Amino acid sequence: MHRRPARPQVLGLGLMVAALLLSCTVVSAQPPHVRTVVAVHWSTEDFPSNPPVDAAIAAAFRERPDLSVDYFAEYLESDRFPGDRASLALRDYIGRKYDGRRIDLVVAIAEPSLQFVLRYRDELFPGAPIVYTSNAAASTNALSTQGLAGVTTIDGYRETVELALRLHPSTARLFVVAHAPNLSYEDVLREELAPIAQRIEVSYINEAVLPRLLASVEAVPPGSLILYIRHSREEPGNRLFPSEVARLVAEASAVPVYGIFDTHIGTGLVGGFVRDAKTTGTRVGSIALRILDGARPEDISVEPVPLRPMFDWRQLQRWGIDVSRLPAGADIRFRVPTTWELYWRYIVGALVLTVIQGVIIGALVIERARRRQSQTRYNLASAAGGVGVWDWNLATNEIYVDPFLKHILGYADHEIRNYIDDWGRLVHPDDAPMVMAQAQQAIEGTRPTYEVEHRMLHRDGSVRWFLARGSVVFKHGRAAQFAGTDTDITDRKTSQQVLEQTQAELTRVSRLTALGEFAATIAHEVRQPLTAITLNAKACLRWLREATPDLAEMRAALEDVVDAGERANELVDRNRELFRQRSVKNEPLDINDVVRDVAALARPRLQSNSVVLTASSTPGLPLVNGDRIELQQVLLNLVGNSIDATEAVDAGSRRVEISTVLLTDGRVKVSVRDNGVGFENVDMKRLFSFSYTTKPSGTGVGLSLSRSIVEAHGGRLWPEPNPEGGAIFSFTLPVQELAVAAPPTAAPGAVEVA
Amino acid sequence: MKTLPTSGRPRLLLVDDHQGILTALVRLLGPDCDVVGTVSDGLVAVEATTRLQPDVVVVDLNMPQMNGLEVCRQIRQTNPHVRVILLSAAVDQGIQERGLAIGAFAVIAKQKCIDDLLPAILGTV
């Protein structure tokens with residue numbers, strides 16, 4: 001950065017400063033390597049193009065710290081002070097200011113400055129090379145002078161207009177705004193724009209008075225373009241820079257305004273091929289450095305500073321000009337950054353956060369849905385399986401009970417408090433001690449698992465069966481939590497009970513059915529002794545009517561009466577039990593006794609059907625465990641079937657044989673063999689099916705029930721054909737373990753009982 | 001088989017598979033009739049009838065081997081002059097008709113044999 005000298009507007013102040021600087025110079029001798037460069041600007045310091053030029057020059061020097069350049073800028077202000085007055089004042093000022101200080105290089109910005117420098121060169125800057133900028137349009141007759149180097153600045157009139165016409169192809173007219181008090185642009189412009197004028201109409205607005213100028217601008221018809229060169233005001237006071245006028249023109253204009261100075265871009269002009277202050281400054285700085293480095297100014301060729309295509313982005317937008325249509329390397333300024341450009345970090349950040357949040361929310365939603373699904377599934381499973389969970393906090397006695405379980409008992413969730421006492425109150429009073437005892441054992445750890453079937457009281461007073469399962473969680477060796485499930489097994493229990501009842505009923509009915517076939521003949525059996533009793537008694541009565549009764553005969557008759565009575569009792573006793581509803585017993589019994597019972601029970605039917613029954617019992621069989629009546633029923637059923645099966649055989653040769661035998665594996669086998677029809681027309685697969693029958697009046701219960709009874713005794717019942725014709729039904733029974741075999745009875749090997 | 005001495009009284013052959021009944025019948029009818037034999041088997045009864053030539057055969061309807069109806073039928077075939085009285089535990093219309101159809105002189109309920117049997121036997125003579 002250059003040091004700014006005091007402004008010379010007040011002479012006294014300038015003298016003081018000059019004196020101060022002078023004294024400083026005297027007091028502290030400057031190091032020999034420091035170079036002093038003084039730039040002379042033609043206009044005031046605040047003229048818009050000056051600061052960028054100065055900045056570019058100073059920047060060039062800063063690039064070379066080894067050269068140690070002191071850069072100063074002075075301002076001729078010839079535009080403000082026309083005539084020689086300003087030049088003379090500046091001459092004196094610089095002369096005093098830099099007195100005693102060697103000026104190594106002078107920079108002259110623009111034509112007036114160059115004139116000034118050349119005029120006072122020997123006086124103020126003896127021997128110092130000069131670097132200048134000069135408008136190529138202006139005549140520089142002094143350029144042959146020794147020690148000069150520089151650049152020419154050119155104005156892009158035609159380039160800018162051509163560009164503007166390309167961007168606005170339908171343009172019909174061009175208006176050129178240019179006015180400067182001491183300069184006449186128009187001749188130059190007419191020459192420059194001659195090719196343009198051949199295509200479209202070119203008009204000039206050379207209006208010194210601003211309001212008139214703006215009125216003219218406002219009057220520019222649509223379909224036109226304005227080329228704003230510059231406008232310098234003549235009136236004293238209210239000084240306006242050309243760039244400020246540019247703003248007013250652009251505001252007044254209804255058509256696009258183009259310009260040729262970089263400092264005008266940004267005021268409302270669209271753009272143009274402009275003279276760029278910064279580029280000019282950089283070029284000047286570069287040449288100055290070369291000279292300071294020892295180059296001869298004469299050896300440095302004078303080159304024009306290239307025009308720069310420069311645009312105002314906002315105006316491009318306003319006039320709908322696509323950036324792609326601009327010349328290559330266009331310098332687009334005042335670009336209003338988009339919201340994205342301004343805030344992309346925030347936007348990206350926000351988006352990332354939103355996405356992350358979204359992902360988290362999504363995950364939570366999915367998780368929630370999954371849980372809900374899981375809960376739904378659980379509820380369904382819970383309801384379907386009749387299972388609900390409970391969780392008992394042993395420290396607080398709070399218990400979570402699945403609302404489903406409460407529902408089963410006819411309560412809403414809130415109607416039963418979640419305390420163990422409230423829940424426990426619903427356990428059936430008869431089961432409560434057992435349930436609590438088992439729970440206590442589980443809590444104390446003396447029972448590894450808790451599993452108990454118990455009843456619960458429904459709100460309506462009915463009973464529900466629950467299967468409770470659970471386990472205790474121990475923390476630090478203490479029972480802390482007791483959790484598990486309750487399963488509603490009411491249906492199972494109910495159906496089990498119903499099934500048991502049905503089976504019992506069926507057994508009884510079936511037995512009655514089977515026995516019913518024998519019942520009539522059993523009555524006959526009992527009638528025999530009764531008839532004997534009656535006959536004997538009547539005989540006695542007859543004898544008593546005689547004068548000398550034969551007492552011996554009477555005694556014999558009465559003894560027969562007693563015998564017959566006892567026999568009748570026996571028969572009644574034997575049969576009565578068959579018809580009684582009774583509980584199943586499991587007692588040791590001799591199967592041969594059962595065979596004898598059945599032979600006796602079947603006798604009437606055997607007789608009425610003219611069937612001969614043979615019993616071939618193996619004496620001394622081991623005892624079996626079972627129910628005598630049920631086994632009688634099985635055997636009666638088999639014998640009954642055999643009797644029916646022999647109907648087709650001649651009356652004299654119908655035979656049924658019951659045999660008992662001890663098998664080698666220790667089981668007892670009972671067989672019923674007949675010479676009946678056998679298994680013709682019998683569906684063997686369905687033989688034991690419930691309700692399968694081949695008899696016109698059969699129920700189909702007999703064999704099915706018989707097999708069930710045998711299997712309940714741990715045995716097996718099966719059919720086989722009789723090799724001699726007919727059928728054999730056999731069943732086995734396991735013998736009583738460690739049972740002492742019944743003492744051999746006097747039963748004969750084969751007794752004809754019928 | 002037990003043969004009693006003959007006289008002018010009705011000669012009876014008693015057939016029942018129950019010995020107690022046979023004994024009681026003998027005691028009851030003995031004072032008024034000559035029981036020429038008792039058998040407990042239907043097959044034997046037909047043969048005994050031919051051999052003993054009783055006036056009346058009293059047959060229990062319900063017997064193994066050969067029931068009373070069959071015995072009655074065969075006796076009526078082989079010895080048409082012999083009267084057969086059937087004894088039954090229960091007498092209903094069907095039994096009555098079937099018995100009479102095969103030539104039985106009477107079908108009488110066992111428990112009424114005091115009141116009805118003796119007059120029936122005596123009525124045959």
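Helix α3 (residues 85–97) of chain A lies across β1 (35–41) and β2 of chain A. The helix runs at about 155° to β2(A). This is a predicted model.

**The parallel sheet**

Both strands under discussion belong to an open sheet of six strands in chain A. The strand order is β2-β1-β3-β4-β5-β11, and the pairing is parallel. At the edges sit β2 (69–75) and β11 (303–305) of chain A, each pairing on one side only. Neighbouring strands of this sheet are turned by 25° against each other on average, direction ignored.

Inside that order, β4 of chain A is followed by β5. These two strands pair in the parallel sense over six bridges. One residue pair fixes the register: A:S134 has A:T152 in β5(A) as its bridge partner.

**The antiparallel pairs**

Strand β18 (residues 478–488) of chain A runs antiparallel to β14 (residues 387–393) of chain A. It is also antiparallel to β17 (residues 463–475) of chain A. In the first pairing, A:W390 has A:G484 in β18(A) as its bridge partner. In the second, A:A468 stands opposite A:D486 in β18(A).

β17(A) and β18(A) form a hairpin with two residues between them. A:H476 lies in the turn and has a positive phi of about 50°.

The strand pairs compare as follows.

| Strand pair (chain A) | Sense | Bridges |
|---|---|---|
| β4 (residues 130–135) and β5 (residues 148–153) | parallel | six bridges |
| β14 (residues 387–393) and β18 (residues 478–488) | antiparallel | seven bridges |
| β17 (residues 463–475) and β18 | antiparallel | 10 bridges |

How values were computed: Residues numbered from 1 in each chain as written. Chains lettered and ligands numbered in written order. Predicted model: local features only at pLDDT ≥ 70, side-chain atom pairs only at ≥ 80, totals over all residues. Heavy atoms only, no water. Pairing = 2+ DSSP bridges. Helix = DSSP H or I, 4+ residues; strand = E, 2+ residues; numbered from the N terminus. Axes fitted to C-alpha atoms, helices over the stretch in contact; angles between N-to-C directions. Contact = heavy atoms within 4.5 Å.
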